[in-house]
Amino acid sequence: MSTPLVNKPPGTAGQAPDAATAAPVVLSASGLVKRFGGITATSHVSLDLHQGARHALIGPNGAGKTTLINLLTGVLDATEGRILLDGEDITRLPPHQRVRRGLVRTFQINQLFDNFTPLQTLAMTVAQHRGQGRRWWQALGADRAVNERCEQLLAEFRLLGVMDQPTRTLAYGKRRLLEIAIALACEPRVLLLDEPVAGVPAGEREELLRTVAELPADVSVLLIEHDMDLVFSFAKRMTVLVNGAVLTEGDPVQIANDPQVKAVYLGHGDSPSDPPSHPHTASTQPQELSHG
Ligand SMILES: Nc1ncnc2c1ncn2[C@@H]1O[C@H](COP(=O)(O)OP(=O)(O)OP(=O)(O)O)[C@@H](O)[C@H]1O
Ligand SMILES: [Mg+2]
């Protein structure tokens with residue numbers, strides 16, 4: 001059931017310890033607070049995302065990961081704190097203006113137009129992003145730049161074989177691939193992925209993992225995920241969130257060996273058979289990190 005990830009070579013092996021933080025900061029959150037009535041979902045969170053980042057945000061259910069993404073993208077207004085994108089204050093900008101500036105996300109729960117095909121969905125997104133939103137159906141087939149971009153995205157996200165099928169008929173893994181392709185169609189500089197593997201059956205995970213690994217190197221990615229195979233194969237930097245606050249941040253080796261992190265999330269070094277307390281389904285459960 002559980003995989004001792006400590007025995008696997010982490011992604012940062014052989015790199016300088018500060019390799020993931022040497023690049024300039026693209027997205028910076030400082031002192032973010034979000035209160036819902038009496039509940040503090042986000043508690044003074046500060047986080048820097050560097051150019052080309054492969055940064056994972058992990059933590060137990062209810063830790064505030066999705067809330068943080070919602071604050072960063074403007075779906076929720078921060079109660080306190082500040083968000084800078086390329087040094088510019090975007091704390092009070094509406095979501096669509098953040099997308100325009102290159103801050104794009106995917107959702108934890110799949111959100112797609114079920115009756116559209118992947119090609120139509122991407123054509124609409126690409127055309128809209130290029131200011132041709134009202135005429136996207138004309139752009140589809142007639143506009144060479146739009147067509148080329150769609151073809152490129154369909155190929156990159158392994159969707160060519162299903163591009164003309166209504167989205168509702170696609171396997172769940174393909175739907176999740178389409179979601180990330182849509183985000184990429186917005187030409188992001190920063191991409192926030194909220195549990196891209198959640199709910200994807202085992203047989204379809206490999207394709208998704210490979211695609212996430214092949215995301216453009218210049219895009220800065222913040223990944224929320226409970227799947228520790230994906231997290232540890234992907235991330236060069238990790239932030240652990242617990243009860244709305246940052247417990248710690250570090251490279252994968254530091255996080256894997258942090259006793260506090262093991263205690264609250266990744267498993268218990270003393271009792272390897274204890275599953276982490278976690279109400280999620282099996283597909284989204286964190287796997288135990290170390291058998292101590
Ligand atoms: N709109 C809301 N109103 C009230 N409370 C909320 C709201 N959104 C989130 N919360 C609360 O904020 C806390 C953090 O929730 P959040 O969804 O951000 O956690 P999460 O880390 O994404 O969890 P999961 O791993 O299950 O997706 C929870 O206690 C949740 O109940
Ligand atoms: Mg969440």
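Trainee: Is helix α3 largely enclosed by the rest of the structure or left open, and how many of its twelve residues are buried?

Mentor: Keep in mind that we are looking at a predicted model. Helix α3 covers residues 118-129 and reaches 16 Å from its first C-alpha to its last, close to the 16 Å expected at 1.5 Å a residue. The buried residues of α3 include Pro-118, Leu-119 and Leu-122. The helix is largely enclosed by the rest of the structure, because the number of buried residues among its twelve is nine.

Trainee: Which residue follows α3 with a positive phi?

Mentor: Look just past the end of the helix, where phi is near 80°. The residue there is Gly-131.

Trainee: Is Leu-154 buried or exposed?

Mentor: Leu-154 sits in helix α5, residues 144-156. A residue counts as buried if 20 or more other C-beta atoms lie within 10 Å of its own. Leu-154 has 20 such atoms within 10 Å, so the verdict is buried.

Trainee: How far apart are the C-alpha atoms of Leu-154 and Leu-122?

Mentor: Leaving out residues up to four places away in sequence, Leu-154 touches Pro-118, Leu-119 and Leu-122, among others. Pro-118, Leu-119 and Leu-122 are also among the buried residues of α3. Along the chain Leu-154 and Leu-122 are 32 residues apart, yet their C-alpha atoms are separated by 8.4 Å.

Trainee: Is Met-163 buried, exposed or partly exposed?

Mentor: Met-163 lies in the loop between α5 and α6. Setting aside residues up to four places away in sequence, Met-163 touches Thr-117, Pro-118, Leu-119 and Leu-154. With 18 other C-beta atoms within 10 Å, and 20 needed to count as buried, Met-163 falls in the class called partly exposed.

Trainee: Which two residues touch the most other members of the largest nonpolar core?

Mentor: In soluble globular proteins, nonpolar side chains tend to be buried together. Here the largest nonpolar core has 71 residues, and the two that touch the most other members are Leu-122 and Ala-181.

Trainee: And which helix gives the most to this core?

Mentor: Ala-181 is in contact with Leu-122, Leu-153, Phe-157 and Leu-159, leaving aside its neighbours within four places in sequence. The helix that gives the most, with eight residues spread over the stretch 172-185, is α6.

Trainee: Which helix gives the most residues to the shell around ligand 1?

Mentor: Among the twelve residues around ligand 1, Phe-36, Ala-41, Lys-65, Thr-66 and Thr-67 come nearest. Both β2 (39-50) and α1 (65-73) supply at least two residues of that shell. With three residues, the one that gives the most is α1.

Trainee: How many residues of that shell are polar?

Mentor: Four residues of the shell around ligand 1 are nonpolar and one is charged. The polar ones number seven.

Trainee: How many of the residues in α1 are buried?

Mentor: The buried residues of α1 include Lys-65, Thr-66 and Thr-67, which are also among those that come nearest to ligand 1. Just after the helix comes Gly-74, with a positive phi near 90°. α1 is mostly covered, and of its nine residues the buried number is nine.

Trainee: Which strands stand at the edges of the open four-stranded sheet?

Mentor: The strands of this sheet come in the order β2-β1-β4-β5, with antiparallel pairing. At one end, two bridges join β4 (residues 80-85) to β5, and Leu-84 has Asp-89 as its bridge partner in β5. Two strands have a single partner each, so one side of each is left without a neighbour in the sheet: β2 and β5.

Trainee: In which sense does β3 pair with β8 and β9, parallel or antiparallel?

Mentor: Strand β3 (residues 54-58) is mostly covered, with five of its five residues buried. Arg-54, Ala-56 and Ile-58 point one way from the strand, while His-55 and Leu-57 point the other way. Leu-57 has Ile-224 as its bridge partner in β8, and Ala-56 has Met-238 in β9. With β8 there are four bridges, with β9 there are also four, and in both pairings the sense is parallel.

Trainee: Stepping back to the whole chain, what percentage of its residues are buried?

Mentor: The chain has ten helices and ten strands. Of the contacts with a separation of 6 or more, 67% join residues 24 or more positions apart. Among the 292 residues in the chain, the buried share is 41%.

Definitions and conventions: Residues are numbered from 1 along each chain as its sequence is written. Chains are lettered from A and ligands numbered from 1 in the order in which they are written. This is a predicted model: local features need pLDDT of at least 70, side-chain atom pairs count only at pLDDT 80 or more; totals for chains, interfaces and linings use all residues. Two residues are in contact if their C-beta atoms, placed from the backbone, lie within 7 Å. The expected span of a helix is 1.5 Å times one less than its number of residues. A residue is near a molecule or strand if its C-beta atom, placed from the backbone, lies within 6 Å of it. Ala, Val, Leu, Ile, Met, Phe, Trp, Tyr, Cys and Pro count as nonpolar, Asp, Glu, Lys and Arg as charged, and the others, Gly among them, as polar. A nonpolar core is a set of buried Ala, Val, Leu, Ile, Met, Phe, Trp, Tyr and Cys residues joined through C-beta atoms within 7 Å. Two strands pair if DSSP finds at least two bridges between them.
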